Every structure is written in C-alpha cells, then in structure tokens.
Amino acid sequence: MNTTSLGRRRFLASTGGLVLGFFVPLPKRAAAADSPPGKPAALPAPNAFLRIGADGRVTVLLAHSEMGQGIWTTLPMLIAEELDADWSKVSAEHAPAAPQYAHTAFGMQMTGGSTSTHSEFDRYRQVGAMAKAMLVQAAATKFKVKPDDCRTENGFVISGDKRASYGELAQDAARLPLPGNVTLKDPKDWKIIGKATKRLDCPDKINGTAIFGIDVHFEGLLTAVVARPPGFGASVKSFDATAAKKIPGVREVVQVPSGIAVVADHFWAAKLGRDALKVEWNPGPPLDSATILEEFRKLAATEGAVAAQAGDLPAAKGTRTIDAEFFVPYLAHATMEPLNATARITGDKVEIWAGTQFQTMDQQLAAKAAGVEPSQVEVHTTFLGGGFGRRANPTCDFVTDAVHVAKAVKQPVKVMWTREDDIRGGYYRPAFLHRASITLDESGMPVGWKHTIVGQSILAGGPFEAAMVKNGIDATSVEGVSDSPYLKSVPNHRVDLHSPKYPITVLWWRSVGHSHTGFVMESLIDELAQAAGKDPVEYRRALLKDHPRHLAALNLAAEKSGWGKPLPEGHFHGIAVHESFGSTVAEVAEVSVSKDGIPKVHKVTCAIDCGLAVNPDGVKAQMESGIIFGLGAVLHSEITLEKGTVKQRNFHDYQVARMHEGPLIETHIVPSTEKMGGAGECGVPPLAAAVCNAIAAATGKRVRELPVRQLA
C-alpha cells in the first residue's frame with residue numbers, strides 16, 4: 001500500500017450530494033515552461049472530479065476528451081476502485097474547460113500523446129480514496145462507532161449489522177474537512193483495475209443518444225459553411241455574394257479570417273450558397289510534391305542538426321554497406337465526423353460546443369477572437385467522431401471559425417467543415433525523407449549507422465516549441481530513430497535532421513514521429529537481417545538482448561503468430577517491434593500478393609507491453625484501431641500537391657482502409673508490472689514495417705515509399 005499527502009485542495013459541497021476535487025501541483029517540466037496556457041497556479045474556483053448523488057450514483061468528471069480511446073471508462077475505473085463504488089451506478093461526463101483540469105504533465109487541458117490514463121492514474125485514485133475516507137467518517141458518526149470499525153463494499157459503508165449507502169451519506173460527508181492523507185489500495189486488493197470492463201459510452205453510442213459536436217442544436221442556431229483559400233498562402237482578393245444570397249435559406253455572407261462565410265438556416269442552404277459564391281483569390285506559392293521531394297533529397301545530401309551521435313562513424317569498418325532512401329507522404333487526419341464547432345456570444349459571455357482535444361487553447365483563442373477574457377469563455381466538450389490529433393491544433397481553427405462568424409452575424413452559429421474542406425486545407429502529417437547508410441561487420445551486425453531525416457517541424461511556432469525543440473531538433477521528427485535501442489547497440493552512429501519550412505500546415509498525426517520512424521527502422525532491420533542471412537526474429541533478439549520489454553513483446557508476437565511454422569500457400573510473415581509512448585508493440589503481419597501485385601493483409605498478430613493494463617479490453621480495442629488506422633496509410637493514403645493545391649478531396653481519392661480490407665487481428669498483452677505506457681497511438685508504428693517486410697518475403701522487393709504501389 002502507499003500513502004499520499006495531497007497539496008492544495010478544494011472542496012465544494014452542493015445540495016443533494018458530495019462534490020470532491022483537488023489540485024495536484026505540476027511537475028517541474030511543465031511548470032518551467034514559458035507562460036504555459038491555463039497555468040494552474042491561479043485557481044479561480046474549486047475543481048471537481050467526482051459527484052455522489054443522493055441516489056448513490058457516482059458521476060466522474062473527465063479532464064480529458066473521449067474520442068473513441070476508452071477513457072470514458074478507464075478513468076472512472078480508477079476512482080471506482082478506490083471508492084469501492086457500485087460499478088453499475090458509475091457514469092461519466094466531460095469536465096468544463098478550467099485550469100483545474102490541466103494535464104498533469106503538459107500544463108493545459110488537452111487530450112493527446114497517449115497520456116490520459118497514466119497521467120491521471122494517481123490523481124483519480126486519490127479522489128476515490130479521499131471520497132471513501134469522508135464517507136466512512138460520516139458513517140462512523142451516524143453509527144456511533146470508530147471509522148476503523150467500518151468497511152466499504154459496493155457503494156455501502158458497513159459496520160456490524162449497520163449499513164448505509166453512499167447516497168445516504170453524501171450530504172453528511174460533504175460537510176466534513178478533507179482528509180490530510182489517504183491510503184491507496186494495494187494492487188492485490190484491486191477488484192476493478194486490471195479487469196476487462198465494458199465501456200460506459202457504448203450504450204448511448206449504439207442507441208444514438210450520444211451527443212457529438214455535429215449533433216448540437218438549439219433554437220435560433222444558424223449554420224455556416226466557409227469558402228476557404230484554394231491553396232496554402234492564398235487569400236481573398238474580392239468576392240461577389242449576389243448569387244449566394246439568392247439561395248433560399250441563406251441569411252448572410254460575411255468575410256472572416258479563414259475566408260467567406262455563408263450563413264444559413266441549415267447546412268444545405270449554406271453549402272449551396274457557398275457553391276454560388278464568386279470569390280477571386282490571391283494565389284499562394286506554387287508548391288508541388290515532386291519539387292518538394294527533390295528539395296528534400298538535396299538537403300539529405302548535406303549535414304543537418306545532430307540529433308544523436310556516438311563513436312567515430314568515418315572510422316567504422318565493415319564488409320558490407322546497406323544504403324537506403326525512404327519517403328512517406330503528407331497525410332490527412334480524415335476524421336469520420338467532419339470538423340465543426342458551435343459558438344454563442346451573449347453580451348460578454350462566449351459559449352463553445354465542440355468535440356475538441358484542446359480545451360485550454362480553445363478557450364484562449366476563442367476569447368481572443370471574441371475580444372473577451374478566457375474566463376468569459378465556457379467550453380462544452382462533446383464526444384469526438386475521431387481526433388487523431390486534428391482537433392488539437394495551435395490555431396484551434398475550427399473553434400475560432402465559429403466565434404468569428406457568430407461575432408460577425410451576432411447570432412449563434414455552427415460552422416461546418418465539409419470533408420473536402422479539411423482534406424484540401426487542413427493540417428497534415430508532414431512528408432519525411434530518410435536516408436540511411438549502414439555498415440555491417442563480417443557477422444552481419446551493424447557497426448556504423450548514418451541516418452538523415454528531412455521533414456517539416458510540427459512544433460515550430462506552436463505552444464510546445466520552447467519545451468520540445470532544442471538546438472534545432474524537433475524531438476517529434478527524430479523520435480524512434482535517435483532514441484532507438486538498435487542504435488544504442490551500434491558503436492558508431494549519427495542521426496541528422498533538416499526541418500525545411502513551407503507554408504503547408506502540419507500537425508501531429510496519430511503516433512506522431514513514430515508514424516514514419518517505426519516504418520523506416522523496422523524495414524531497415526529486416527533488410528539487415530536478410531543481408532546477414534539470419535532469421536528476422538533471431539536477428540532482432542540479438543540486437544535487443546539488453547531490452548527485455550522489446551524482447552517480451554517480440555517473443556510473444558512471434559509465438560502467437562506461429563512464426564517459422566508453415567503458412568497457407570502464398571502467405572508470408574513479416575515482423576516489426578517498436579517502442580512509442582512508453583509501450584512496446586510487436587506485430588506480425590500475414591500477407592499475400594496477387595499476380596497483379598496487389599498485397600492483401602490477412603492477419604495481424606499483436607503483442608503489447610504497456611505496463612499495467614487498467615482495462616485490458618480497452619487496450620485490445622486500441623491495438624485493433626491503431627492497426628486499421630495504420631493499414632490505410634500503408635495501402636492507400638497520400639496527400640499530394642500540384643501548383644500549391646492539394647489534389648485529394650474526399651474518401652474516394654484519399655482512401656483509408658475499407659471494411660473488406662480489415663485483417664483478422666489478435667492482440668496479446670504482455671503480463672507486466674512495468675511503468676504504465678500509452679495504448680492509443682502505439683499500435684500504428686510497427687504495422688507498415690510488418691506488412692512491408694512480409695511483402696519483401698513474398699516478392700523479394702523492398703518497399704521504401706508509402707503508400708504501397710502496385711508491386712507487379
């Protein structure tokens with residue numbers, strides 16, 4: 001067991017139940033950042049993570065957004081465990097935007113980086129333990145016994161033949177002072193944590209009552225669609241709204257910073273109005289994908305900023321050198337629910353409804369757009385129809401759009417982005433080029449490794465630049481290479497980075513830098529194994545001998561996939577193992593290639609060491625989700641530019657994995673007591689390499705550019 005003493009606490013008693021909350025001071029890293037948004041040092045009001053109603057229902061307020069990753073269930077499990085709550089009476093709500101809900105590491109309210117569960121693991125359990133202590137004290141007074149003579153069970157406090165429900169005790173408990181110390185359960189006593197638990201958000205999502213941003217509606221709400229610049233750096237030169245205003249239902253046409261907004265009674269009228277709008281644009285620079293690739297290649301031939309270095313690379317001597325160049329394209333997030341946000345401005349108060357990952361930034365930038373203080377902006381977080389990083393961007397574009405339009409027309413407005421709007425003018429995972437030159441000794445093991453990476457920085461100019469860009473190195477551009485366990489075993493190595501600047505808006509995309517470094521590193525390792533004439537699993541075992549978590553995931557995936565055993569005719573295995581977000585994932589892809597050169601992924605066997613799996617069902621769901629998400633990028637997804645304009649428009653030409661392409665997926669969790677890692681993103685990075693290594697086994701051809709082209 002462990003005992004914790006809390007720092008500053010806040011307590012709020014409300015009619016009808018107990019409301020409990022507290023604040024945990026930021027760790028030094030976040031506290032040291034320059035003026036972090038929403039810095040929790042100045043708490044304006046008590047915060048609350050837990051409500052217990054008179055009916056005994058326990059409502060957990062989520063500091064993070066539920067976007068399909070399962071924290072609507074996982075975080076309540078933490079509180080319910082320590083509280084000894086009746087799980088059938090536990091529910092969840094999104095918390096409002098407030099400094100009290102700032103991320104325990106990043107200093108702002110946000111959801112990302114696969115951090116939600118481990119960042120709240122202590123804070124939410126402490127809330128549960130504090131509430132239980134107060135309920136026990138209230139029961140002891142009521143029963144006229146000592147607290148030590150009471151026990152808790154399934155939503156009740158019990159002493160001898162006396163018992164009282166949490167609902168009966170909530171009022172009295174709310175009047176008590178907060179306990180100075182709380183004792184958390186020993187893991188051996190856990191009844192909820194670590195058990196496969198059905199998701200709390202599923203019933204409402206199945207019966208259609210769950211509210212996403214796109215579902216928000218109230219009397220007087222108008223809908224707007226914005227005509228946006230056709231290319232990066234383009235701007236409005238002039239416009240003629242005459243035809244647009246003749247569309248029935250169109251109310252107003254106004255210019256806002258993002259373009260020309262057509263405001264109407266409903267979406268279709270706004271869409272037709274935008275189609276009728278005549279806009280003349282000032283063009284942006286004529287960016288072109290082929291030109292960008294050539295510029296990347298020229299940069300890769302020069303020395304960049306050093307991200308990692310050891311030994312004496314020029315002196316590394318071997319018997320063979322492997323040279324390889326990899327390229328991955330710009331990628332869109334392509335969320336299933338198109339971007340949208342609703343804004344209502346009443347006097348000096350602004351209300352926002354949005355499925356968002358970035359509440360603190362939304363609040364601040366919405367306030368700036370409206371000309372009020374952040375404290376005057378109320379953010380209502382809804383469910384998200386997919387985020388993948390898109391709904392956490394430094395300009396909060398979809399939220400500020402709504403504020404600007406609502407301010408211009410002086411009415412509440414929901415601004416809708418079409419999918420074409422987002423795919424042609426949103427944010428993108430940057431394109432990256434990798435160039436590697438690896439020297440092998442006579443036994444086929446690497447003794448020298450030069451690796452150059454070229455791609456735009458996603459952090460430049462954003463809120464995390466000060467903390468995560470050092471000496472010209474954007475940590476997210478090189479993660480998975482500069483800190484690779486493979487490189488640690490190579491005595492002479494150097495990793496360079498070039499971060500060229502283009503007006504293309506770039507952003508983190510699910511698994512961030514690991515989305516390309518996992519592909520490159522695990523493809524290279526497979527090629528080295530082939531050059532050495534060794535089995536890919538055995539080769540990795542030799543290189544990873546000092547990394548037990550990698551070995552555990554690798555061995556489990558190999559065992560469960562039947563690595564080395566006969567496969568159906570024409571089927572081949574490829575394997576990859578990669579650490580990201582504190583977890584290590586190994587995947588074995590079973591692939592065939594048709595006579596026409598079309599690859600098909602039949603099965604993926606996945607093994608993850610994520611430390612403690614709070615909800616094993618949730619971890620498995622995240623692995624399945626990550627594999628399907630990654631499969632789209634392997635087989636289809638690509639953003640290309642021509643004369644400054646994105647060529648792709650919608651799912652017909654920006655394809656993601658289709659249902660018929662979904663492989664059988666098996667996920668196995670490595671039993672582990674290691675520090676908890678993430679699960680939301682780490683299923684993506686190994687997938688591309690596992691598939692492409694299987695393709696190499698099937699065809700003898702190495703895939704060094706994504707998406708996979710027709711192989712015949």
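These legends go with close-up views of helix 9 and the strands around it, all from a predicted model. Residues count from 1 along each chain as its sequence is written, and side-chain values use heavy atoms, leaving out hydrogens and water. Local features need pLDDT of at least 70, side-chain atom pairs count only at pLDDT 80 or more, and totals for chains, interfaces and linings use all residues.

**View A. Strand 20, helix 9 and strand 21 form a right-handed β-α-β unit.** Right-handed here means that, with the strands pointing away from the viewer, the path from the first strand over the helix to the second runs clockwise. Helices (H or I, at least four residues) and strands (E, at least two) are DSSP runs, numbered from the N terminus.

**View B. Helix 9 (residues 359–370) is mostly covered.** Of its 12 residues, 9 are buried (under 20% relative accessible area, 1.4 Å probe, protein chains only). Met361 and Ala366 are among them. They pack against strand 20 (349–354), strand 21 (377–381) and helix 10 (397–409). Right after the helix comes Gly371, with a positive phi near 80°.

**View C. Strand 20 pairs with strand 19 on one hand and strand 21 on the other.** Pairing takes at least two DSSP bridges between two strands. With strand 19 (residues 340–346) the sense is antiparallel, over 5 bridges; with strand 21 it's parallel, also over 5 bridges. Glu351 of strand 20 sits opposite Arg344, and its bridge partner in strand 21 is Glu378. Since 5 of its 6 residues are buried, strand 20 is largely enclosed by the rest of the structure.

**View D. A hairpin links strand 19 and strand 20.** There are 2 residues between the strands, and Gly347 in the turn has a positive phi of about 60°.

Notes
Buried means under 20% relative accessible area, exposed over 50%, partly exposed in between (1.4 Å probe, protein chains only). Contact means heavy atoms within 4.5 Å.
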